[in-house]
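Let's take a walk through this structure together. Have a look at it first, and then we'll go strand by strand.

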Amino acid sequence: MTKSIFAINEEIKKNSKTVLDAIKVGDTVKIVLKLRETNPDKKSKGSKTQTIQGLVLARKHNKELGASLTIRSIVDSIGVEWVIPLYTSDIIKVDIIKSSKVRRAKLYYIRRKSIKETKAKLRKETKKVMEEAEKEEEIEEVKETENKE
């Protein structure tokens, strides 16, 4: 009559997608989620889909029912992370875009690395802007000296 928690876990895992077991740390994945929406007046309920694409930083509780993924992506030069439970009915589709071989179980160091890269990129961009501004000033000076003559 009553099922044990282990039997329930096994049923949920069988019903979930097998692709979820293939996701590893270091993979770049694209996950389509179903989000439930409620209006403030609580009269109408609906749902929409959201696509999340990014690098898998961590996989916690590997194949247990409470397993989750931490996915990192950069949106408008800002790092964004999602923690997504694996065995949920809200996941519509999972695609593994790219698979990388990594030497760590958790890739949390990528957070600091991306900050350094972003700062270096900003420095390069400001140097380019400064160089372009100096060139424009030189051109204007040459034009002014030509006009005086």
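K30 has Q53 in β2 as its bridge partner. That pair belongs to a wider match: strand β1 (residues 28-38) and strand β2 (residues 45-60) run antiparallel, with 11 bridges. Strands here are DSSP runs of E with at least two residues, helices are runs of H or I with at least four, and both are numbered from the N terminus. Two strands count as paired if DSSP finds at least two bridges between them.

By the way, this is a predicted model, where local features need pLDDT of at least 70, side-chain atom pairs count only at pLDDT 80 or more, and totals for chains, interfaces and linings use all residues. Residues are numbered from 1 along each chain as its sequence is written, and side-chain values use heavy atoms, leaving out hydrogens and water.

Back to β2, which also joins strand β3 (residues 68-75) through 5 bridges, again antiparallel. Here R59 has L69 in β3 as its bridge partner. K60 lies in β2 too. Is K60 buried or exposed? Neither: K60 counts as partly exposed because its relative accessibility is 35%, given that buried means under 20% relative accessible area and exposed over 50%, with partly exposed in between (1.4 Å probe, protein chains only). The C-alpha atoms of K60 and A105 are 9.7 Å apart, though 45 residues separate the two along the chain.

Now hop over to helix α3 (residues 109-148), where you'll find E137. With 47% relative accessibility, E137 is therefore partly exposed as well.
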